[in-house]
Amino acid sequence: MKSIYLMLFVALMSLTTVAFAQHDAHKATDQVAPPEAQKSFDAIKGLAGNWEGPVTVDPPQPEMSDDKPLHVSMRVTSRGNSLVHEMQTAGTPLDPARYDHPVTMLYLDGDRLLLTHYCDAGNRPRMTGTVSPDGKKVEFEFLDVAGSTQYGHMHHAVFTVIDANHHIEDWTYMMPGDKPVHAHLDLTRAQSGNGVAGN
């Protein structure tokens, strides 16, 4: 009797192994094309480098009227798993006590591309990104925010690749009372500085 149970157990284990092997084979063939999140992340990682250009704010904000260009640096880190995006007014030192210097992290989280913006307003909004069919634009939609929104929060972002040396960033900041402020950055590749943006 024991031998019948043993043979039945071995047969079931063999069938289970075959079923898992077939399932894994189907999964491998189903994933020939990279997932949408990976396409979006690859498009963003192609922007690694230093960038400078004018920023236009709509509606105009008195505290953003110095007409200085913005410096943006982007670098791939964590063995290719993250992109660090940093922005500051060009020509200013890295002095967080005196100058704005928001940092944004972009990374894959399973089947989605996430953006976490570490804002000078003291909060951390997250957004999910999707790439356009032509691969030239990655748009980030608001997901959630941690921290106080007393002074508002970043709500939306779009990265548009014009060519290898030119891209546009559109950021939407939601002021208290749900009043949107749109910042348009027209950026071209620049040389990196040593502690001072734009030098």
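Let me start with pLDDT, the predictor's confidence in each residue, which runs from 0 to 100. What we have here is a predicted model, so to speak, with a mean pLDDT of 82 for the protein, and 74% of its residues reach 70 or more.

A word on conventions. Residues are numbered from 1 along each chain as its sequence is written, and side-chain values use heavy atoms, without hydrogens or water. As the model is predicted, local features need pLDDT of at least 70 and side-chain atom pairs count only at pLDDT 80 or more, while totals for chains, interfaces and linings use all residues.

Now, the weak spots. Over residues 5-23 the pLDDT stays under 50, and the model has zero contacts there beyond four places in sequence, a contact being heavy atoms within 4.5 Å. Residues 193-199 are also below 50, yet that stretch has 19 contacts beyond near neighbours in sequence. Where pLDDT is low, please don't read the predicted coordinates in detail.

On to the fold. There are two helices and 11 strands, and along the sequence both helices come before the strands. These are DSSP runs, numbered from the N terminus: helices are H or I with at least four residues, strands E with at least two. Of the 199 residues, 33% are buried, meaning under 20% relative accessible area; exposed is over 50%, and partly exposed lies in between, using a 1.4 Å probe and protein chains only.

My favourite place to look is strand E11, residues 179-189. Strands count as paired if DSSP finds at least two bridges between them. E10, residues 166-175, runs antiparallel to E11 with 10 bridges, and Glu169 stands opposite Leu185. Three residues separate the strands in this hairpin, where Gly177 has a positive phi near 85 degrees. E2, residues 55-58, joins E11 through four bridges, again antiparallel, with Asp58 partnered by His182. E1 is antiparallel to E11 as well, through two bridges; there, Glu52 pairs with Thr188.

Just before E1 sits Ala48, in the loop between helix H2 (36-45) and strand E1 (49-53). Is Ala48 buried or exposed? Neither, quite: because its relative accessibility is 28%, Ala48 counts as partly exposed. Beyond its neighbours within four places in sequence, Ala48 contacts Met74, Val76 and Arg189. Val76 is 28 residues away in sequence, but the C-alpha atoms are 6.5 Å apart.

Thanks, everyone, and I'm happy to go through any of this on the screen.
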